[in-house]
Amino acid sequence: MGGTGTQDGGVADGGGAAGYDDEALLGRVRAAPVLAGELPRFDPATAPGAPGPLFARWLDRALADRLPEPQVMTLSTASPDGTPSARVLILRGIDTADCAYVFATDARSRKGRDLAANPRAALTFYWPAHGRQIRLTGPVTVLGPRITRQDFLGRSPASRAAGFTGRQSAPLAGPEEYERARRAAQEVVAAEPGSVPETHTVYRLRAQDAEFFQADPDRGHLRLRYERTAENGWIRSQLWP
Ligand SMILES: Cc1cc2nc3c(=O)[nH]c(=O)nc-3n(C[C@H](O)[C@H](O)[C@H](O)COP(=O)(O)O)c2cc1C
């Protein structure tokens, strides 16, 4: 049986015996606390008429309470045949007035290819210490070259070098191939600090639908949904948890 302990002693994860005691693991999963501790209050009756300001208020609170990595969100996309895929990304821009959210990636990546073929996506934020989940879905557009440059050149040299390293989501032959590409990328960034990879792409998701979930330790969870109307207003409704 591999992995009965909880400490890896500094050894990298990923190796080890093929067998794992699933029952023991599940026992520990079930014993792990969820929605523990004091959660903030949320009253849907006093929520704003549009979701952008509510998103800003919740994010503001997450930052004020120093929650870990509140800017990390899950982006879900779907390929033309409907195959879904999801991954976490960093929130790179906010448009509260229009309820739109910005992220950046390599257009050649799996998500980039999904979005080129099917420019609709979902963003999910989860802030466990607040028991809050926000789901946003809507069409995705590509922002222009000025914003793309600004987004890329505002990054650290290491992050810019990563943007020039290899081809995101393509198969990697091994560590030597990676090291070669990394050195070449570092040289590009040092020699041409103003250069931006051609495939660096900034996307904007404009929410059509936004849902705010406030967990309650006694399981009286609250769900407030906003749907954008054709006139650019919002219809609010509560959903059964
Ligand atoms: C905390 C965190 C933040 C990340 N932020 C980004 C990001 O902003 N842009 C990005 O392209 N990948 C980011 N990644 C990597 C993605 O999760 C993903 O592995 C990568 O974009 C390839 O996804 P794809 O093959 O589905 O296109 C991040 C990963 C982590 C763990």
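Which residues does Tyr-203 touch, not counting residues up to four places away in sequence? The legends below take up this question along with other views of the predicted model.

**Figure 1. Overview of the predicted model.** The protein has 6 helices and 10 strands. Its C-alpha atoms fill a box of roughly 55 × 55 × 40 Å, taken along the principal axes. Of the 241 residues, 20% count as buried. Among contacts with a separation of 6 or more, 59% are between residues 24 or more positions apart.

**Figure 2. Surroundings of Tyr-203.** Tyr-203 touches Val-102, Phe-103, Leu-115, Val-140, Val-142 and Leu-143, with residues up to four places away in sequence not counted. Val-142 stands opposite Tyr-203 in strand 7. Tyr-203 also belongs to the residues with the most contacts inside the largest nonpolar core.

**Figure 3. Pairing of strand 7 with strand 4 and strand 6.** Strand 7 covers residues 200–206. Strand 4 and strand 7 run antiparallel and are joined by 7 bridges. One residue pair in this view is Ala-104 and its bridge partner in strand 7, Val-202. Strand 6 (132–142) is also antiparallel to strand 7, and 3 bridges join these two.

**Figure 4. The largest nonpolar core.** This core has 28 residues. Those with the most contacts inside it are Trp-58, Ala-121, Leu-123, Ile-134, Leu-136, Tyr-203 and Leu-205. At least two core residues each come from helix 2 (51–64), strand 1 (72–78), strand 4, strand 5 (120–127), strand 6, strand 7, strand 8 (209–214) and strand 9 (222–228). Helix 2 gives the most, with 5 residues. In soluble globular proteins, nonpolar side chains tend to be buried together.

**Figure 5. The shell around the ligand.** There are 14 residues around the ligand, and Thr-105, Ser-109, Arg-110, Lys-111 and Ser-169 come nearest. By type, the shell divides into 6 nonpolar, 5 polar and 3 charged residues. Strand 2 (84–90), strand 4 (100–106) and helix 3 (110–117) each supply at least two of the shell residues. The largest share, 5 residues, comes from strand 2. Strand 4 thus appears in this view as well as in the core and in the pairing with strand 7.

**Figure 6. The annotated segment, residues 60–152.** An unreviewed UniProt entry places the feature "domain: Pyridoxamine 5'-phosphate oxidase N-terminal" at these residues. Over residues 60–152 the chain is 23% helix and 46% strand. The end C-alpha atoms of the segment are 25 Å apart.

**Figure 7. Arg-219 in the loop between strand 8 and strand 9.** Arg-219 has a positive phi of about 70° although it is not a glycine. Is Arg-219 buried or exposed? Arg-219 counts as exposed because 8 other C-beta atoms lie within 10 Å, and the cut-off for an exposed residue is 12 or fewer.

**Figure 8. Asn-232 in the loop between strand 9 and strand 10 (234–239).** Asn-232 is not a glycine, yet has a positive phi of about 70°. With 8 other C-beta atoms within 10 Å, Asn-232 is exposed.

Technical notes: Residues are numbered from 1 along each chain as its sequence is written. This is a predicted model: local features need pLDDT of at least 70, side-chain atom pairs count only at pLDDT 80 or more; totals for chains, interfaces and linings use all residues. A residue is near a molecule or strand if its C-beta atom, placed from the backbone, lies within 6 Å of it. Helices (H or I, at least four residues) and strands (E, at least two) are DSSP runs, numbered from the N terminus. Ala, Val, Leu, Ile, Met, Phe, Trp, Tyr, Cys and Pro count as nonpolar, Asp, Glu, Lys and Arg as charged, and the others, Gly among them, as polar. A nonpolar core is a set of buried Ala, Val, Leu, Ile, Met, Phe, Trp, Tyr and Cys residues joined through C-beta atoms within 7 Å. Two residues are in contact if their C-beta atoms, placed from the backbone, lie within 7 Å. UniProt positions are given in the numbering used here, feature names are shortened, and annotations may be inferred rather than shown by experiment. Two strands pair if DSSP finds at least two bridges between them.
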